[in-house]
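Student: Hi! Could you pull up the model so we can chat about the ligand site?
Tutor: Sure, here it comes.

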Amino acid sequence: MEKKIPYKTYLEESEMPKQWYNVRADMKNKPAPLLNPATLKPMTVKDLEPVFCTELAKQELDDTSAYIDIPEEIQEFYKMYRPSPLVRAYCLEKALGTPAKIYYKFEGNNTSGSHKLNSAIAQAYYAKQQGLKGVTTETGAGQWGTALSMACSYFGLDCKVFMVKCSYEQKPFRREVMRTYGANVTPSPSTTTEVGKKILAEHPGTTGSLGCAISEAVEVATNTEGYRYVLGSVLSQVLLHQSIIGLESKSAFDKIGEKPDIIIGCAGGGSNLGGLISPFMREKILGESDYRFIAVEPASCPSFTRGRFAYDFCDTGKVCPLSKMYTLGSGFIPSSNHAGGLRYHGMSSTLSQLYHDGYMEAVSVEQTSVFAAAQQFARVEGILPAPESSHAIKVAINEALKCKETGESKTIFFGLTGTGYFDMFAYQKFNDGEMSDYIPTDEDLAVGFAGLPDINL
Ligand SMILES: *Cc1c(COP(=O)(O)O)cnc(C)c1O
């Protein structure tokens, strides 16, 4: 008889990764360099230093070190909530009647409720090491701000969060978690920054966007002595820290003697997906193993599936470096979508290059189908998933149902990035049958593309 695989596989403390893995080191075509928006020359550590912590600036530009030591203090912090379990979704398999094996890695077992704490603690650590007083950031749905406020309170750093105004109003509980951890939370756009005032003058009554909150946070970081700016996704350093997810997964699969065929993750800025797939991607790039990687994005914000691969601004205020990525244009404002963490206009430059080179696939899915999958998953697997994570669930279910048709027993693995406890407003809309599926038209997208900087060849 086949050996029974446990419902949950955990690593021992001694088996936990001691280094992060930097997939850029093994990529044949490296991601295009970040460009200085003033000179259009590649950014150097010196250019990045006024905005980012020095060590993080180095990690951002490091395309050659494959493995980077995880400092002991961060390893200790990880032990409070990691390893996260690799779960065999026996109940979901049974409910679907599929011959496929389904696994997921659950990152929601910490107060911030998502994988974002993996990078927040690293970024706070390097800020502390540098002797800084505090950090500034933006948050959309609130998960990143929550994770960062936890990390800052652990290291005794001040934390200033610009929270997209509509979330600030719709998600008062997230805001209160941040304040409980000592963060200062300002709704964005605000009158506390020059860029905020300018945006408010141009768009009175706006409820804000991520790109706009980024501009405010960067302005405060660069104008305040002892402060730097930190970002929860998109950047290469964040993918690096999130590789802990993939490294743990790989060890857990090795432990149970299994190997995924298909690896699926939701893609907002690309950090959880990048971290999840990195060690597996390494094997694919080096020709040691083959996997299918699938990025899942909302049909309302389809950066990979309908975006352009081009240099673009990372923020609305155009103060951040230019990044070459799949983008809808920094001026693209997605329709209101309940997966707040997937509303960013651009995508990680690393994942963009891998996608461009054919190492990865991408699909987009509509909101109501995502919530139907979330509900189905919650009812059989017990966990109430975050709307963002549910994009991956939806596609995992699709793949499992394809196996049912063909009779193939593939091993499907997806990243379950977080819990949906703070998203009950969205679940309510779904339960009341009031959720809509707005998909931007080509004309809508053309508006965003028109704002791309004209340095693209
Ligand atoms: C932020 C977030 C995401 C999307 O961000 P990525 O950087 O693309 O990983 C996905 N799921 C949850 C729960 C999040 O909080």
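Student: Thanks! What does Ser271 do at the ligand, as far as distances go?
Tutor: One of the polar side-chain atoms of Ser271 is 2.7 Å from a ligand oxygen atom. Keep in mind that this is a predicted model.

Student: How much of the ligand does the protein bury?
Tutor: The protein buries 98% of the 380 Å² that the ligand exposes when taken alone.

Student: What sort of space does the ligand take, then?
Tutor: The ligand takes up the space of the largest cavity.

Student: Which residues come nearest to the ligand?
Tutor: There are 18 residues around the ligand, and the nearest are Lys116, Ser233, Gly268, Asn272 and Thr417.

Student: Where does Ser233 sit relative to a ligand oxygen?
Tutor: A polar side-chain atom of Ser233 is 2.4 Å from an oxygen atom of the ligand. Gly269 has a backbone N or O atom 3.0 Å from a ligand oxygen atom.

Student: And how many of the shell residues are polar?
Tutor: The shell around the ligand has 12 polar residues, along with 4 nonpolar and 2 charged.

Student: Changing topic: what volume does the second largest pocket have?
Tutor: About 180 Å³ for the second largest pocket.

Student: Which residues line that second largest pocket?
Tutor: Its lining includes Arg24, Glu60 and Asp63, as well as Pro31, Pro33, Pro42, Met43 and Ser349.

Student: How does that lining divide by residue class?
Tutor: The lining of the second largest pocket divides into 7 nonpolar residues, 2 polar and 3 charged.

Definitions and conventions: Residues numbered from 1 in each chain as written. Predicted model: local features only at pLDDT ≥ 70, side-chain atom pairs only at ≥ 80, totals over all residues. Heavy atoms only, no water. Near = heavy atom within 4 Å. Polar contact = N/O pair within 3.5 Å; in protein donor to acceptor, adjacent residues only side chain to side chain. Areas by Shrake-Rupley, 256 points an atom, 1.4 Å probe, with all protein chains shown as cover. 1 Å grid on protein atoms, 1.4 Å probe; cavity = no way out; pocket = protein on both sides within 12 Å on 5 of 7 lines; lining within 4 Å. Sits in = over half its atoms within 2 Å of the grid points. Nonpolar A, V, L, I, M, F, W, Y, C, P; charged D, E, K, R; others polar. Points joined across faces, edges and corners; volume = space filled by probe spheres on them.
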